[in-house]
Amino acid sequence: MKTYHIITFGCQANLADSERIARKLEMSGYKMTAKPESADIVVINACSVRQSATNRVYGKIRNLKNKKIIIAGCVLKEDKKKLLAKNKNIEFWHPDEYFDLTPIASNSNATYIPIMTGCDNFCTYCAVPYTRGRERSRPAKNIIQDIKNAVNPPAGGKATEIWLLGQNVNSYKYGFPELLKIINDIPDNFKIYFMSSHPKDFSDKLIKTISESKKVSREIHLPAQSGDNAILKKMNRKYTISHYKNLIKKIRKAIPDVKISTDIIVGFPGETKEQFQNTVKLFKELKFSKAYIGKYSPRPGTPAAKMKDNVPIEEKKRRWQILNEIANKKLN
């Protein structure tokens, strides 16, 4: 019996992909093994979003020199070249090759369901449009069937959490508020989560739908990325800080018990100390429940990679520490 082993890096989208890759391999006669050293094929579901994640992939392939390796997930062209230079036994799979397959769930409590893949926003720092391509939405009927299979499976092991995934779920082609309402009305006991949302597309209709839906979590992840308008413009985020603050205000008014988390990048090319202080002000004013803070690293092929990465790493670390302390309520 031929065997496979999957190593997953990156976000929940990659975890969902791994469950679909498992289906693709088992349809071809492979069986999963927990030991990569004994597997006939090792799949590495990679992430090119940050250099640190790419470096971890390099480390893995060094230890798998005599194995057939499949690299899936988010991989930039430059990273593909470097990976092939290190190991010629690599085959690359694009997310479209397994996106529509029924997953083999790896977690009985939480099920990760992509409602779309790719992105049309082209934020200047982001690799996703170049690794996953343009936006493509799944038909609602397929998503609903995946959810019904997860919350009421024939063999038991019901999922209690449904995670709807997309680089920007708000731009789901067939209407994200409408999709949430349909899922909320499925008569089983489960909680609905979603990520990620783009502030420019978070509509009043979506806020109203969440406030009226008992199953939709009151935890909303809404990446700000920066607290400065000039940096947001360089990032091609297509909203202002005023828009972002007003959006948070509307959400909190409609959903009083909401918890809002965010993403922030420190040390983006050209970010001055004064511009960083605008992000500090945003943190202190909005009091996020949680924050995921990243130190900028250039990704080959993205527009930001052509900008001068002129914030020293020690300064990036200092800014990260300041925001981390605020996020953890260590500062007033």
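I began with Phe-122 and asked whether this residue is buried, partly exposed or exposed. Its relative accessibility is 27%, so I put Phe-122 down as partly exposed; the band for that class runs between 20% and 50%. The model is predicted, and I read every value below as computed from it.

I then checked the backbone of Phe-122. Its phi is near 50°, which is positive, and the residue is not a glycine. I located Phe-122 in the loop that runs between strand S7 (116-117) and helix H4 (128-131). Most residues other than glycine have a negative phi, so I kept this kind of entry on my list.

I found another such entry at Lys-287, where phi is positive at about 50° in a residue that is not a glycine. Lys-287 belongs to the loop between helix H10 (273-286) and strand S13 (290-295). I noted 58% relative accessibility for Lys-287, and it therefore counts as exposed.

I looked next at the peptide bonds. Most peptide bonds are trans. The bond joining Met-195 and Ser-196 is cis, with omega about 0°. I placed Ser-196 in the loop between strand S10 (191-195) and helix H7 (204-212).

I turned to the interior. Which residues of the largest nonpolar core touch the most other members? I listed Ile-147, Leu-164, Phe-176, Phe-194, Phe-202 and Ile-251, out of 63 residues in that core. I followed Ile-147 further: leaving aside residues up to four places away in sequence, Ile-147 touches Ile-113, Ile-162, Leu-164, Ile-183, Ile-186 and Phe-190. Another core, of 17 residues, lies apart from the largest one, and I found Ile-44, Cys-47, Tyr-58 and Ile-71 among its members.

I closed with the protein chain as a whole. I counted eleven helices and 13 strands in its secondary structure. The C-alpha trace spans about 60 × 50 × 35 Å along its principal axes. I compared the radius of gyration, 21 Å, with the value near 20 Å for a compact globule of 332 residues, and the two agree. Buried residues come to 51% of the 332. For contacts with a separation of 6 or more, I noted that 74% join residues 24 or more positions apart.

For the surface, I recorded about 16,000 Å² exposed by the protein chain, with 50% of that supplied by carbon and sulfur atoms. For charge, I have 60 positive and 32 negative side chains, and the centres of the two sets lie 2 Å apart.

Terms used. Residues numbered from 1 in each chain as written. Predicted model: local features only at pLDDT ≥ 70, side-chain atom pairs only at ≥ 80, totals over all residues. Heavy atoms only, no water. Helix = DSSP H or I, 4+ residues; strand = E, 2+ residues; numbered from the N terminus. Rg over C-alpha atoms; globule rule 2.2 N^0.38 Å. Buried < 20%, exposed > 50% of the residue type's maximum accessible area, 1.4 Å probe, protein only. Contact = heavy atoms within 4.5 Å. Areas by Shrake-Rupley, 256 points an atom, 1.4 Å probe, with all protein chains shown as cover. Lys, Arg positive; Asp, Glu negative; His and termini not counted. Charge placed at Lys NZ, Arg CZ, Asp CG, Glu CD. Core = buried A, V, L, I, M, F, W, Y, C linked by side-chain atoms within 4.5 Å.
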